[in-house]
Amino acid sequence: MLTPVQWLLGGLAALLIGFSKTGLPSAGILAVLLMALVFQNRVAVGTTVLLLIVADLFAVGWYRRYTRWDKLWQLMPWVILGMLAGVITLLVVGEDAQGKDQLNAWIGGLVLAMLGMHLVRLRLGAQVRAASLPGLIATGSAAGFATAVSNAAGPIMSIYMTSLGLPKYELMGTTAWYFLLFNLTKLPLYLLVTALTPQRPLFTADGLLFDLIALPAVLAGVWLGRWALPRLPQRLFDALVLGLSAVAALVLILG
């Protein structure tokens with residue numbers, strides 16, 4: 001049974017999940033962190049992905065006409081490779097004696113590395129190409145790994161899409177399809193992991209009940225994000241995306 005404080009944190013997380021999918025992408029990582037406070041790390045991963053898929057459906061429905069499929073297809077092979085590595089990691093790596101997931105620090109480091117590369121590119125301009133093959137491999141594999149182990153690919157994808165200079169609606173449309181496709185792909189993989197490691201499940205009855213009760217908060221966040229996006233100037237949007245990504249990375253590392 002969840003305590004009232006856990007329900008409050010979980011409800012806020014659900015609201016942020018909806019808001020991140022239609023308003024400010026990097027806010028989603030804050031939801032991931034809150035869910036980790038409500039549930040044990042592995043259960044939080046399975047519980048969160050179902051709420052993400054609901055919000056993804058709304059984001060795709062509203063922003064699909066802005067999708068840059070060329071940018072998405074370039075990343076897909078490397079994302080799949082990273083996801084496979086992430087699933088293997090979930091099968092092999094557990095938590096320490098305090099229940100802390102050491103993978104969070106790895107993911108935080110990846111986010112900071114992506115942010116650093118983006119800042120270098122802003123400094124050097126055309127001398128550093130965001131869509132170079134090494135950049136695609138690093139971004140795709142890191143995002144695939146992060147999304148598989150903790151639903152934490154949002155900052156990585158946001159920084160990469162921002163580095164490409166995509167307007168905010170194209171960024172939203174492209175990331176909407178990215179997350180819907182790969183969150184759906186994760187479902188059978190997570191069910192497999194749960195079946196192979198039943199002592200460390202990703203899905204539980206309590207998690208599924210929480211998802212059902214928290215659904216209205218996700219829908220409220222979705223509508224709030226859609227209202228906010230047109231009102232955010234492009235420069236402020238980019239700054240918030242990058243700033244929240246940096247803060248989230250530090251929390252992952254230090255948490």
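Which residues is Lys186 in contact with, leaving aside its neighbours within four places in sequence? Val49, Met83, Thr147, Ala148 and Asn151. The legends below describe a predicted model.

**View 1. Overall fold of the predicted model, a protein of ten helices and zero strands.** Read along the sequence, the pattern is α-α-α-α-α-α-α-α-α-α. The protein has 255 residues, and 51% of them count as buried. Take the contacts between residues at least 6 apart in sequence: 86% of these join residues at least 24 apart. The accessible surface is about 11400 Å². Carbon and sulfur atoms account for 72% of that surface.

**View 2. Lys186, a buried lysine with no salt bridge.** Lys186 sits in helix H8, which covers residues 168–196. Its nearest side chain of opposite charge belongs to Asp56, 7.7 Å away. A salt bridge would need a nitrogen–oxygen distance within 4 Å. The side chain of Lys186 does make a polar contact, at 2.9 Å, with the side chain of Thr147. Thr147 is also among the residues in contact with Lys186, as are Val49, Met83, Ala148 and Asn151.

**View 3. Asn151, a buried loop residue in contact with Lys186.** Asn151 lies in the loop between helix H6 (133–150) and helix H7 (154–163). Its relative accessible area is 9%, so Asn151 is buried. Beyond its neighbours within four places in sequence, Asn151 contacts Val32, Ala44, Val45, Thr48, Val49 and Leu52. The list continues with Ala146, Asn183, Lys186 and Tyr190. Val49 appears here and also in the contact list of Lys186.

**View 4. The Asp56–Lys21 salt bridge, with both partners buried.** The closest N and O atoms of this pair are 2.9 Å apart. The bridge links distant parts of the chain. Asp56 belongs to helix H3, and Lys21 to helix H1 (residues 4–22). In sequence the two are 35 residues apart. Asp56 is also the residue whose side chain is the nearest of opposite charge to Lys186. The protein has three salt bridges in all.

**View 5. Tyr63, a buried tyrosine in helix H3.** Helix H3 spans residues 41–63. Tyr63 counts as buried because its relative accessibility is 4%, and buried means under 20%. A polar atom of the Tyr63 side chain lies 2.7 Å from the backbone oxygen of Thr22. Not counting residues up to four places away in sequence, Tyr63 touches Lys21, Thr22, Tyr169 and Met172, among others. Gly173, Gly225, Arg226 and Leu229 are also touched. Lys21, one of these, forms the salt bridge with Asp56. Tyr63 and Thr175 are 112 residues apart in sequence, but their C-alpha atoms are 9.6 Å apart in space.

**View 6. A network of salt bridges linking Arg68, Asp70 and Glu170.** Arg68 pairs with Asp70, the closest N and O atoms being 2.9 Å apart. Arg68 also pairs with Glu170, here with the closest N and O atoms 3.4 Å apart. This second pair links distant parts of the chain, 102 residues apart. Glu170 is in helix H8. Arg68 is in the loop between H3 and helix H4 (69–92). How accessible is Asp70? Its relative accessibility is 36%, so Asp70 counts as partly exposed. Arg68 is partly exposed, at 26%. Glu170 is partly exposed too, with a relative accessible area of 23%.

**View 7. A nonpolar surface patch made by Trp7, Leu209, Leu212 and Ile213.** The patch covers about 400 Å². Which helix gives the most to the nonpolar patch? Helix H9 (residues 205–228) does, with three residues. Leu212 has its place in helix H9. Its relative accessible area is 62%, and exposed means over 50%, so Leu212 is exposed.

How values were computed:
Residues numbered from 1 in each chain as written. Predicted model: local features only at pLDDT ≥ 70, side-chain atom pairs only at ≥ 80, totals over all residues. Heavy atoms only, no water. Helix = DSSP H or I, 4+ residues; strand = E, 2+ residues; numbered from the N terminus. Buried < 20%, exposed > 50% of the residue type's maximum accessible area, 1.4 Å probe, protein only. Lys, Arg positive; Asp, Glu negative; His and termini not counted. Polar contact = N/O pair within 3.5 Å; in protein donor to acceptor, adjacent residues only side chain to side chain. Contact = heavy atoms within 4.5 Å. Areas by Shrake-Rupley, 256 points an atom, 1.4 Å probe, with all protein chains shown as cover. Patch = residues over 30% accessible without salt bridge, like charges linked within 9 Å, V, L, I, M, F, W, Y side chains within 5 Å.
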